[in-house]
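Biologist: I am new to this structure and should like to learn how to read its features. Please begin with the contacts of a side chain.

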Amino acid sequence: MKRGYDAVVIGAGHNGLVAASLLARAGLSVCVLEASSLIGGACRSEVLWDKYRVSTAAYVCGLLHPAVIRELELDRRGLTVLKRDPSSFTPLPDSGYLLLGPDDRFNAEQIALLDKRDVEAFLQYERDLEAIGPIVDHIFLSVPPSFPVGSFTDILRWTPLVNRLFQVPPSGRLLLAQMLSCGAWDVLDRRFRSELLKITLATDGIIGSPLSPTFPGTGLVLLHHTTGSVTGKRGLWGYVRGGMGSLPEAIASYGREKGVTIATECPVSRIITTDGRVKGVVLTDGREISCRTVLSNADPKRTFLTLCDPQDLPAEFVEQVKRIKMSASAFKINLVCDRLPNFRCLPGDRPAPHHRGTIHLCPSLSYAEEAFADYFYGRPSSKPIIEMCIPTVLDDSLAPPDRHIVSLFVQYAPYSPIGGWGQAKDEFVRRVLETIDEFAPGFSSSVLHLQALSPQDLEAEFFLTGGNIFHGDMTLDQVFAFRPVPGWGQYRTPVKGLYLCGSGAHPGGGVTGCPGWNAARVALDDWKKRRIG
């Protein structure tokens, strides 16, 4: 084998870089191997059409854990999260809209225009999210208990969390219980009267999910997306200055300072194992790199069914991995436009407050249910749900003056629609633009450049099996101790020295940095025990 390292990390996505940084800080020699020419994985920026810096896949930052920012000194390494105020705009096709932001008084005024009875209910909802937020923060940076086979020690480790839970007001405990057991719509419908308010909040429960907002499990996705505090207020997201790629670049800066070697255009074809232990990796060009520890930032199916020889794994484990649900539902479109959308309900194509945040094009529950119904029967939504973001309104480093990058996160899009993507891809993009035109007449004529990524494109470009942006559906049977599969929720795998450090491990998808953080801690603990023993 070629020169070895103590540890090899497969994939320079943000989680892989976090893991590598912690390992190197502890004194290990670490190499990160990335198949692409760019670091960041799905959290990267690309220069497209010669002069536009586009966040190709991930496009907003809200869940990055404060501990990751603090411990890796990201604030002084170029990471700046731009706060958006207002942070959310939901227009209706003809008249009426809802704006929400970080200011409670502003939110109260906006909600009162829809239904005054919802004002106090919303403020209480925000207080409850704030109360349960620290618990979620703690869980995100905790190693789940072993399940179904565990120990009394596992139980004892979670006793402080239970005590902390009972310090939360009863309304907060009720909200948490409902989010863990109900659909997003049910959680919100029990609190609010205005449909526009409910559907605005409910979209956070279906992002990347193959379910409608009324399905049980979407409350969990809602919880996952509303407790981040990177902008200083729970649940509010921001833009990364310079594009999302500035985030992994900041992490990589810390890692390199600690001695991490990062090699791009070095795809791994196989993880070498002998007698159930990691021995190294093989690159697609045949080079071999020896190591005692491998952390895979690839998704569970790619890790265990492609990079590993399934014959080296327990048959039952392989079958569990094969059954992991990795549904596709997201379609990403990146645009360059020569003007901003001019919404019928709030006219004006010059930069205005409503252009700053996430623009939700989903005016009602029935609209969302019809979009899901098409998907359920194997068709891309004829009236898709669209989340529009225009980062150039706040970040002038991304594009020349008078040009705007517009990011469209679209649902629902099946992995293999009836008839295949072929011509359906262009047709779906046309429907997306027509849908936006219904809210902002003439928007489609402003488009100068367009990049469209179907679920199959997301799989090919970012190595996301099935086009699943979370490395596995975020459903109740696939989170916490059940992620990636029951019995293996603690980052270790049946191969000694092999760990899962990507979003396919707890706490799941999104740009949190937590899977990489937790996996590195477990690997370091095992490393120390081997050195002592």
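Modeller: A polar contact is a pair of N or O atoms within 3.5 Å; within protein, one must be able to donate a hydrogen and the other to accept it, and residues adjacent in sequence count only if both atoms are side-chain atoms. Here a polar atom of the Lys301 side chain lies 3.2 Å from the backbone oxygen of Lys322. The model is predicted: local features need pLDDT of at least 70, side-chain atom pairs count only at pLDDT 80 or more, and totals for chains, interfaces and linings use all residues. Residues are numbered from 1 along each chain as its sequence is written, and side-chain values use heavy atoms, with hydrogens and water left out.

Biologist: Which side chain of opposite charge is nearest to Lys301?

Modeller: Lys and Arg count as positive and Asp and Glu as negative, while His and the chain ends are not counted. A salt bridge is a side-chain nitrogen of Lys or Arg within 4 Å of a carboxyl oxygen of Asp or Glu. For Lys301 the nearest such side chain is Asp299, 7.7 Å away, and Lys301 has no salt bridge although it is buried. Buried means under 20% relative accessible area, exposed over 50%, and partly exposed in between (1.4 Å probe, protein chains only).

Biologist: Which side chain meets Asp395 in a salt bridge?

Modeller: Side chains of opposite charge can pair when their charged atoms come close. Asp395 meets Arg241 at 3.7 Å, N to O. The pair ties together parts that are 154 residues apart in sequence. Asp395 is buried, at 1% relative accessible area, whereas Arg241 is partly exposed at 36%.

Technical notes:
Helix = DSSP H or I, 4+ residues; strand = E, 2+ residues; numbered from the N terminus.
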